[in-house]
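Here's a short set of exercises to work through with the structure open beside you. Try each task yourself before you peek at the solution.

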Amino acid sequence: MTAAPIIKAPQRRTSARFAALSSNLAHARYVIGGNPVTGFAFLLLFLLIFCALFGPWIVPYDPLASDTSATLQAPSWKHWFGTDQLGRDIFSRVVVATRLDMTIAVTSVALVFAVGGLAGIASGFFGGWTDRIVGRIADTIMAFPLFVLAMGIVAALGNTVTNIVLATAIINFPLYVRIARTEASVRREAGYVMAARLTGNSDLRIALTTILPNILPIMMVQMSLTMGYAILNAAGLSFIGLGVRPPTPEWGIMVAEGAGSIISGEWWIALFPGLALMLAVFCFNLIGDGLRDIVDPQRRT
Amino acid sequence: MASASSLLDVQGLTVEFETRRGVVRAVRNIDISLAKGETLGIVGESGSGKSVTSYAVMRILDRAGKIAAGSIRFAGIDLDKASESEMVDLRGREMSMIFQNPRAALNPIRRVGHQIEDVLRQHAQAGSGDARDKAVDALRQVKIARPEERYDAYPFELSGGMCQRIVIALALACRPKLLIADEPTTGLDVTTQKAVMELIVELTRERGMSTILITHDLGLAATYCDRIVVMEKGAIVETATSEQIFARPAHDYTRKLMRATPRPGIGLRDLLPDDATSTPIPPNAPGAPLLTVRGLVKEYERPGVGVLARVFGRRTDPAVLPFRAVDGLSFEVMRGESVGLVGESGCGKSTTSMMLMRLLDPTEGEIIFDGENIGAIPARSFAADKLRPRIQMVFQDPTDSLNPRYTAFRAIADPLLRFGAASGADDLRTRCEELARTVGLPVDLLDRFPHQLSGGQKARVGIARAIALKPDLVVLDEPTAALDVSVQALVLNLLADLKATLGMSYLFVSHDLHVVRLICDRVIVMKGGRIVEQGSAEDVLDRPQADYTRELIAALPHPPAAAA
């Protein structure tokens, strides 16, 4: 990311890159080794990614196929997580839903990182009017209860996955702006930024090639933490009937569908999608903590 | 070595640190004894284990460090075997420590008077009735003017020197028997350094205290200490009285350290070890004026003054008038000349260098560089100006001035890439390698990141980057302040050689008069944004005209041998 595009890398440079990479890997291994919980979180992450990629091909039943002869069956060897009111296999639905929930989380976080991160860097690095305008936009968003704002956006723009992504990105915008702004404004006065000016870099270039790579590690931690929140937010919207529509398998809807049956004894309908949701959020939060340790230079001794 | 009168007796102390790459021995088998009332200096360069030794004595090593062998006896107590609760009782009451950065050692949100009271109460030296009086008294003893008022001050309201006095007051509040001062004056101005050191020495004498002064500055230690211990790489290489060390240094390392310490009456080459090749520095023939500064002013609006007060307020009221950081500066720098800009912190020398570098716009005045008034070009658009490559800078902190995500190669290549001076990747690589060789940086280090380089190597990368575009004027902002003396000696010589071969002019911004004397042809002394005195280096430093210059020179440490 730091290599200028016009240089063709000579052999020695690649070997240096490789050395740097392997030292980073060694450091990551050290941190994970020192904290088994992070290792567990990464395992969980691989499981989630696997389900998201291959879900539809590994599940035993069609997640949408209903079987009226086998409705509301308790978990068994045939149906690991039981079946719902329409006789659909809950295990299959939970696994297949991973892809949709992960897609919403990843795209919304990527979007908010790009827009919020850049706005924050501009705000912190240039200051003045840029800072005021970006800051006021963030403040305006912060002024609303965030979930209510997300509900409002989806209700106004329409019940689509795109709008859920958009709403989740918008409510996370202030957070990214603030982090990027603080980190950029600290680095604005750094010696290497002044040095970059002296070597003839324009402000825009400095912001993108000097400031951005240096605050990237901190942003990565935040992204991981927001991923969990984004999944929760998407599920929450679906739970109250906004966003993803039945019969699409999605954890939030499935919890909503099962909520009514808990009292009548069919606990498995809501429990398993709820557990999946919990594990996903848990996984991203733990990875966030682990990443914080990896990028924290204080632990790099 | 243990005598009846010794207060602290360290025998065979070894300190180890547990790290990822195995056990590191920071201090190896050292013996130190300190008599009552004695002042001992521990001198060494970074990584010599001098601070770790003192932490071991105070038992404040961090979690990874442990005392692996040896004994520490303090006033009849075995410190290495003492329990933590015993140590808590001893620290502050019997033995105290002051640190390098006084501001970091004070709690920023508590009044300084309360902080002193805390220590007194902790060790039951004062009750609620007399704590205030005793704290004020402690402030008075460290010669703080108007101690009753300062009692209520917060650390941020006080200057660095004042904060260090508060820290000393804190350390001495309970009248300890031992004071450990770890680089107490690094980062302070020379006049403040003198005042703080004299205060420590005076209080030590008055109270019959023993003091350990930890410093990298051999001159400072020799000026204020009775005995000196020289450490290198975790071991003691020499212990002797201050006079002896300066007159007859026994160990090679001490000799090398002494040689590298800038002092009056020597040339740049004298700093280097004997075996170094010493071609004489070519004489300097200054040419036509390269840079002319006329009536340079930089004003900052005072915070908290409203728009109305600015417009309608009496323009003579000093509280409303903008603050003048630089106040009407005029000077010249000739081609091939090196000019020293000297002054204490806050005198406006950094602001001046920023304006000359065109990173900051002046409020008034002209900066004429090679016939063109570059002061009129806004700092914003100067990055793309054709004159940009001709004015470059070497920064104070080599670590801070290198992008942590760029390799040394990328850092040096940056100016060449921006100004398109290189044609193709191979040419770029060749030119960077050439620059690395010019500044004495091993070529195989080019692919390393800053955190994999030592301080001296980082300084060389910074210099290589500054000279990559063959500038006419290089502003050096305390380029050696963060370096060890032996590295400083090499870097200063390198700078002198580069100037001679490349025909550059230097503006050398510094507070260290000894260094300025070695490298500069002319010296400008600044105070409060104005020039107090300027002239040739010999004239200003040997026959100062202004009182302020005399004060600065008098504040420099004068080791016994150098004074004789």
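**Exercise 1. Find how strand S19 of chain B is joined to S20(B), and give the direction of the pair.**

Solution. Start with strand S19, residues 522–527 of chain B: six bridges join this strand to S20(B), and the two run antiparallel. Next, pick out one bridge: Ile524(B) has Gln534(B) in S20(B) as its partner. Keep in mind that you're looking at a predicted model.

Now see what packs on the sheet. H21(B) touches S13, S19 and S20 of chain B, and its direction makes about 100° with that of S19(B).

**Exercise 2. Work out the strand order of the open six-stranded sheet in chain B, and say which strands stand at the edges.**

Solution. Step one: read off the order, which is S16-S17-S18-S13-S19-S20, with mixed pairing. Step two: look for strands with a single partner. Those are strand S16 (391–394) and strand S20 (530–536) of chain B, so each has one side left without a neighbour in the sheet. Step three: check the twist, which averages 20° from one strand to the next.

One more helix to place: H18 (residues 485–502) of chain B lies across S13 (338–342), S17 (473–477) and S18 (505–510) of chain B. Helix H18(B) runs at about 155° to S18(B).

**Exercise 3. Describe the salt bridge between Asp547(B) and Arg550(B), and say how exposed each partner is.**

Solution. First, the distance: the closest N and O atoms of Asp547(B) and Arg550(B) are 2.9 Å apart. Why can such side chains pair up at all? Side chains of opposite charge can do so when their charged atoms come close. Then look at the spacing: the two residues are three apart in helix H21 (residues 547–555) of chain B, so about one helical turn separates them. Last, the accessibility: Asp547(B) is exposed, with a relative accessible area of 57%, while Arg550(B) is partly exposed at 41%.

Salt bridges can also link up through shared partners: Glu299(B), Arg324(B), Asp327(B), Glu364(B) and Arg530(B) form one network that way.

**Exercise 4. Do the same for Arg187(A) with Glu183(A), then for Arg140(B) with Asp137(B).**

Solution. Take chain A first. Arg187(A) and Glu183(A) meet in a salt bridge of 2.7 Å, N to O. Both lie in helix H6 (residues 161–188) of chain A, four residues apart, about one turn of the helix. Arg187(A) has a relative accessible area of 17%; that is under 20%, so this residue counts as buried.

Now chain B. The closest N and O atoms of Arg140(B) and Asp137(B) are 3.6 Å apart. These two sit three residues apart in helix H5 (residues 131–141) of chain B. Arg140(B), at 43%, is partly exposed, and so is Asp137(B), at 35%.

**Exercise 5. Where do Arg59(B) and Lys233(B) lie, and what is the sign of phi in each?**

Solution. Begin with the background: most residues other than glycine have a negative phi. Arg59(B) has a positive phi, near 60°. Its place is the loop between helix H1 (50–58) and strand S4 (65–74) of chain B, and at 22% relative accessibility Arg59(B) counts as partly exposed. Lys233(B) also has a positive phi, of about 50°. Lys233(B) lies in the loop between strand S9 (227–232) and strand S10 (235–241) of chain B, and at 59% it counts as exposed.

Conventions:
Residues are numbered from 1 along each chain as its sequence is written. Chains are lettered from A and ligands numbered from 1 in the order in which they are written. This is a predicted model: local features need pLDDT of at least 70, side-chain atom pairs count only at pLDDT 80 or more; totals for chains, interfaces and linings use all residues. Side-chain values use heavy atoms; hydrogens and water are left out. A salt bridge is a side-chain nitrogen of Lys or Arg within 4 Å of a carboxyl oxygen of Asp or Glu. Buried means under 20% relative accessible area, exposed over 50%, partly exposed in between (1.4 Å probe, protein chains only). Two strands pair if DSSP finds at least two bridges between them. Axes are lines fitted to C-alpha atoms, for helices over the stretch in contact, and angles run from 0 to 180 degrees between N-to-C directions. Contact means heavy atoms within 4.5 Å.
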